[in-house]
Amino acid sequence: MYNIEIENLTKRYKNCVAALDHVSLMVGSGVYGLLGHNGAGKTTLMKALVTVLEPSGGSIRVCGFDTKKQGNDVRKLIGYLPQELAMYPSLTAFDFVSYMAELKGIYHKNAVYAALEQVEMLEFAKRKIGQLSGGMKRRIGIAQALVGSPQVLVVDEPTAGLDPEERVRFRGVLSRFAKDGKTVILSTHIVEDVYQACEELAVLRKGGLLYTGTSAGLMKQVEGKIKSIKLEYEEDLVDLQKKAVVISTTYESAGLTARIMDENMVFTEAEPVPATLEDAYVYFMGGKAHA
Ligand SMILES: Nc1ncnc2c1ncn2[C@@H]1O[C@H](COP(=O)(O)OP(=O)(O)OP(=O)(O)O)[C@@H](O)[C@H]1O
Ligand SMILES: [Mg+2]
């Protein structure tokens, strides 16, 4: 059973940009990653999913409800953390989350406390939003999405700008939430977050889907073809780029090392190195030069 069924979703903005072009995606329970560069269409997809934005074509069903025809039912099932959430600095953390809960029709104080507890912010409940750190504000953002324990949680780039410890904490909150058949959709351009937190992922590029499946499945496609090559001069890089997709380069005191995807297996003398999800992602996005 899929919690989210997206079929042929297309969104054209007024300036004619096809932000999404016939995207079809089925999402079951667990944490699902939506990976893509700036402008790939992640936010557009999420906004259509939470009914903030009307698609130009296609359909979305959330737990069987159609976002166009049964918007109210869909909204009751969803918690949403927008990429940019406006918060009122003079409200306390508790009052802000209560206010957001009331907009959803949830009036129980206990639901607000439960959400604050899930993000470890109970002890700061009475503190004004304006006096919280960036990471704490983000936790309040997730708390307002968690209120009422929705079936589907949609979080748009929640880890951007967080320190490593806060990111680990965040992933923990999402993983704990995604039990019992619930779904979390997490958009990001941080490959590490997807690798650590998501069972499955979709890679979006310029409004189209490049890949859907597991991280392991994505890595398998480049396995044995990722190689590390030492170069003496930077000019050699131009030559190398003609023969292979350069994933990354590291500069050293003498020369540099390039990590490449040897698509055509022409670098037979070079040793393959273990592939990472980052390698696979950068390769599918067109390599370093286009990244
Ligand atoms: N309101 C809008 N009007 C016109 N074009 C828009 C609008 N919102 C987004 N776009 C365009 O749609 C495309 C997809 O944007 P979107 O915000 O969905 O990408 P994104 O993957 O979320 O990017 P980011 O990682 O920067 O948040 C981009 O080309 C963007 O310029
Ligand atoms: Mg976005």
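**Exercise 1.** How many residues lie between S12 and S13 in the hairpin, and which residue in the turn has a positive phi?

*Solution.* The structure is a predicted model.
Step 1. Locate the two strands: S12 covers residues 245-251, and S13 covers residues 256-261.
Step 2. Examine the link between them: S12 and S13 form a hairpin with four residues between the strands.
Step 3. Inspect the backbone of the turn: Gly-255 has a positive phi of about 80°.

**Exercise 2.** Determine which strands are joined to S13, and state whether they run parallel or antiparallel to S13.

*Solution.* Step 1. Begin with S12: this strand runs antiparallel to S13, and six bridges join the two. One residue of the pairing is Thr-250, whose bridge partner in S13 is Thr-257.
Step 2. Continue with S11, residues 226-231: six bridges join S11 to S13, and the two strands run antiparallel. Here Ile-226 stands opposite Met-261 of S13.
Step 3. Combine the results: S13 is joined to S11 and to S12, antiparallel in each case.

**Exercise 3.** Describe how the chain is divided into domains, and characterise the side of domain 1 that touches domain 2.

*Solution.* Step 1. State the bounds: domain 1 spans 4-219 and domain 2 spans 224-290.
Step 2. Give the separation: the centres of the two domains, taken over C-alpha atoms, are 34 Å apart.
Step 3. Count the residues in contact: domain 1 supplies 12 residues and domain 2 supplies seven residues.
Step 4. Name the elements of domain 1 that give two or more residues to this side: helix H7 (191-197), strand S9 (200-205), strand S10 (208-214) and helix H8 (215-220).
Step 5. Classify the residues on the domain 1 side: nine are nonpolar, two are polar and one is charged.

Key
Residues are numbered from 1 along each chain as its sequence is written. Chains are lettered from A and ligands numbered from 1 in the order in which they are written. This is a predicted model: local features need pLDDT of at least 70, side-chain atom pairs count only at pLDDT 80 or more; totals for chains, interfaces and linings use all residues. Two strands pair if DSSP finds at least two bridges between them. Domain bounds come from an automatic or database domain assignment. Two residues are in contact if their C-beta atoms, placed from the backbone, lie within 7 Å. Ala, Val, Leu, Ile, Met, Phe, Trp, Tyr, Cys and Pro count as nonpolar, Asp, Glu, Lys and Arg as charged, and the others, Gly among them, as polar.
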